[in-house]
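Please open the structure in your viewer and keep the selection tool at hand. This tour proposes a series of selections and describes what is found at each.

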Amino acid sequence: MKKLIVTGIFLVLMISVKAQSYMGFLTDNYSGVHGVISNPANIVDSRFKTDINLVGVSAFIGNDYFGAGISDLTDDDYDFDEDAKRFPKDQNNVLGNVDVLGPAFMFNINEKNSIAVYSRVRTFFNVNGVNGETIESLIDNFDDNIDFNVNQGDLFANSHSWAEVGVSYARVLMNKEQHFVKGGITLKYLQGIASAYASGTSLNVDFDANEIISGEGSVTTTGDIAYGYSENVSGDLDDTDFEIDTEATGIGVDLGFVYEWRPDYQEYTSTDSKGNTYMPKDVNKYKLKLGLSLTDLGSIAYNGTEERYDFNNTLRQEDFENIEDPNDLENFYQFTTVNDTENAVLPTALHINADWNINQKFYVNLNTDLSLTSKEKLNVSRVANTVSLTPRFESKWFSFYSPLSVLQHSGFQWGAGLRAGPLYVGSGSIVSLLISDEAKAADVYVGLKVPVYQSRPKDKDGDGVLDKVDECPEEAGPEENFGCPWPDTDGDTVLDKDDKCPEEAGEVDNDGCPWPDTDGDGLLDKDDSCPEVAGPTENQGCPWPDTDSDGVLDKDDNCPDVAGTVANNGCPEVTEEVQKTLNEYAKTILFDSGKSSIKEESNKVLKDIIAILNEYSTAKFTIEGHTDSAGSAKLNQRLSDSRANAVKNYLSENGIDQFRLSAVGYGEDRPIATNKTRAGRAQNRRVEINLVRE
């Protein structure tokens, strides 16, 4: 029972996700349409012509009661009873958020105006005021013969899910030499999905174990309880029907401003012969950038019910014995009032951001997120107050960042993330989880987008004078002549007076005469290792070989001597049919009853499995063990591990590289049939061999 209590509390506290989204990625000037999440002003004067988000998901798990590390979470021997790090306080808290950014795009209308349209689904979960010290005492002293008292006090909790469609507009407000200011606004249409909340006042539970055991005891409870939920969230635990309340709608607003200090603005300014100026769009021109924004102003009105109960009562043991359903508890407490549900208030927050441009590639960002909603009000979502310092490397196609954050309730977190073209992925806490066994948060985000970057300033004639200020944009010429050429008959940038081949374009290094390129592959003979055969420049002008003629060049072919598929990097590909055959074989592997020793009659099918695995020499497989529900879960888990490893060892001992194999047991957790019949249990006692997709 004690272990059940510990595990239950851990799941309750760790199932939530912290309020911050895409930590580290939002500091990137190439975050694109994601910029509206923290500040709608970000999208104007962007490094993108347009940015299209396909899908992005951010989840951040945290609490201030339990601490763990990756090594703990992946260790089969980790025991919550003995090993869990707990940090009880008189008020432990949980804040939660899942943030899914769906199809979205931003577009620069012109140099001063930009718009963005996005879709987003969000879920918040808040629990505030859990008395961790009382829970700790309960865990440490729980025994059938020990009395205990749960002095919870006040408690607030809520969960809210909604979808939103936002339209953002941003505009340059001032661009005067060193000073640049832009502002933005987002209007959001909110569609409620579900809302539920609860609160307790002066809650206390007094339990006398000796009296309960003797059959004469009672449990005394005191306090007041209120809970409310939208009408589409049934109060009946057995009712699984769910429909979105289309009338649960609202309007939300985000506001933001950004100031940039540009002390070197003259370096980014080009001037033509008429005195007109031009600044490139594809580079950051600030030394210091300051942002201020207010997000998630608004609420959603749900059709629903709020019920209040007097929690003061004494329940005898026979009362407990008559309880067949959790809803029966309501019969023992006095119903006081019923009201309409409170409006679900969005997690309004203030964001303050400072970004220091060190040298166009390296930046340092300081960000603060401050919640403006109260944790002691009904049906109010809130973010965790956060301070983050994020150094980052930033370029057009690649960025890397490593946020160091202090989060309210979860303490210090250290993470890492990157953006590589269309892919962005990261975590605000991965390093903390790797180096500490007391981390109170764990997060990850990942997504795909279609970025269309601002192009480099055009210079059609390649003379170093931008087309915007070039008097002769189609002809190369010196800057001192405003881009118009001195005489150069063959157009090779070598003036006729210096050109030994004035009628034929050539190279500057060859006094205006061309180097030959016999095979026409773009690599001059003087630099071409295969001057008679065309080949790519990166292979010194020689063609790449394809030994197995499978259409994948040897340089990209993981199996250069065996024909494979392009999709599998030149190696034979494990098809769904092959995967199905493997598992049909695997399910016929027989073991001695209650043991992990393989019966001899399974040798034939194991040899067939080995033959299949040998055909796909680079593929990796996971051997999974499963049992029925007969016996204890702990013994079933151990048996499934043993059987999975027995199959792995057999395959390794018979020629399959052990590094291609991994084994895992799932015990009775993944049945494929009912455990109530002999046939069903027989199906559940099985081994599966599944391809590891990388």
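Begin with two neighbouring elements. Select Val578, Thr581, Leu582, Tyr585 and Ala586 in α9; these residues meet Val605, Asp608, Ile609, Ile612 and Leu613 in α10. Sorted by class, the contact of α9 with α10 holds eight nonpolar residues, one polar residue and one charged residue. The model on the screen is a predicted one.

**The pair α9 and α10**

Now show both helices in full: α9 covers residues 576-586 and α10 covers residues 603-615. Their axes come within 9 Å and cross at roughly 155°. An angle over 145° counts as roughly antiparallel, and α9 and α10 are therefore roughly antiparallel to each other. The crossing in which α9 passes α10 is left-handed.

**The two faces of α9**

Stay with α9 and colour its residues by accessibility. Which residues of α9 are buried? They are Val578, Gln579, Leu582, Asn583 and Ala586. Because these residues cover an arc of only 135° around the axis, they lie on the same side of α9. A general rule helps in reading this pattern: an α-helix has 3.6 residues a turn, so residues three or four places apart point the same way.

Next, select the partners of this side. The buried residues of α9 pack against α10, against β26 (621-626) and against β28 (686-691). Then rotate the view to the face of α9 turned away from its buried side, where the exposed residues Glu577 and Lys580 are carried.

**From α10 to α11**

Add helix α11, residues 633-653, to the selection. The axes of α10 and α11 are 10 Å apart, and the two helices pack at an angle of about 65°. On the side of α10, the contact is made by Asn603, Leu606, Ile609, Ile610 and Leu613, and on the side of α11 by Val647, Tyr650 and Leu651. By class, this contact of α10 with α11 has seven nonpolar residues, one polar residue and no charged residues. The crossing of α10 and α11 is right-handed, whereas α9 passes α10 in a left-handed crossing.

**Two residues with a positive phi**

The next selections concern the backbone. As a general background, most residues other than glycine have a negative phi. Select glutamine 360, in the loop between β17 and β18 (362-371). Glutamine 360 is not a glycine, yet has a positive phi of about 75°. Its relative accessibility is 28%, so glutamine 360 counts as partly exposed.

Then select asparagine 379, in the loop between β18 and β19 (386-394). Asparagine 379 is likewise not a glycine and has a positive phi, of about 55°. Is asparagine 379 buried or exposed? With a relative accessible area of 2%, asparagine 379 is buried.

**Three further loop positions**

Select proline 347, in the loop between β16 (344-345) and β17 (349-357). Proline 347 has 0% relative accessibility and therefore counts as buried. Leaving aside residues up to four places away in sequence, proline 347 touches Arg122, Phe124, Trp162, Thr295, Asp296, Thr373, Ser381, Arg382 and Val383. From this list, pick aspartate 296: it is 51 residues from proline 347 in sequence, but the two C-alpha atoms are 5.9 Å apart in space.

Continue to methionine 279, in the loop between β11 (277-278) and β12 (288-300). At 22% relative accessibility, methionine 279 counts as partly exposed. Its contacts, not counting residues up to four places away in sequence, are Asn175, Arg262, Tyr265, Tyr268, Thr269 and Lys285. Of these, tyrosine 268 is 11 residues from methionine 279 in sequence and 5.5 Å from it in space, C-alpha to C-alpha.

Finally, select serine 31, in the loop between α1 (2-14) and α2 (35-38). Serine 31 counts as buried, at 5% relative accessibility. Beyond residues up to four places away in sequence, serine 31 touches Phe25, Leu26, Phe48, Asp51 and Lys449.

**The whole protein**

To end the tour, clear the selection and display the entire model. How many helices and strands does the protein have? Its secondary structure comes to 12 helices and 28 strands. The protein has 694 residues, of which 45% count as buried. Among contacts between residues at least 6 apart in sequence, 65% join residues at least 24 apart.

Key
Residues numbered from 1 in each chain as written. Predicted model: local features only at pLDDT ≥ 70, side-chain atom pairs only at ≥ 80, totals over all residues. Heavy atoms only, no water. Axes fitted to C-alpha atoms, helices over the stretch in contact; angles between N-to-C directions. Helix = DSSP H or I, 4+ residues; strand = E, 2+ residues; numbered from the N terminus. Parallel < 35°, antiparallel > 145°, perpendicular 65-115°, else oblique. Left-handed = near helix turned anticlockwise from the far one by under 90°. Contact = heavy atoms within 4.5 Å. Nonpolar A, V, L, I, M, F, W, Y, C, P; charged D, E, K, R; others polar. Buried < 20%, exposed > 50% of the residue type's maximum accessible area, 1.4 Å probe, protein only. Arc of directions from axis to C-beta.
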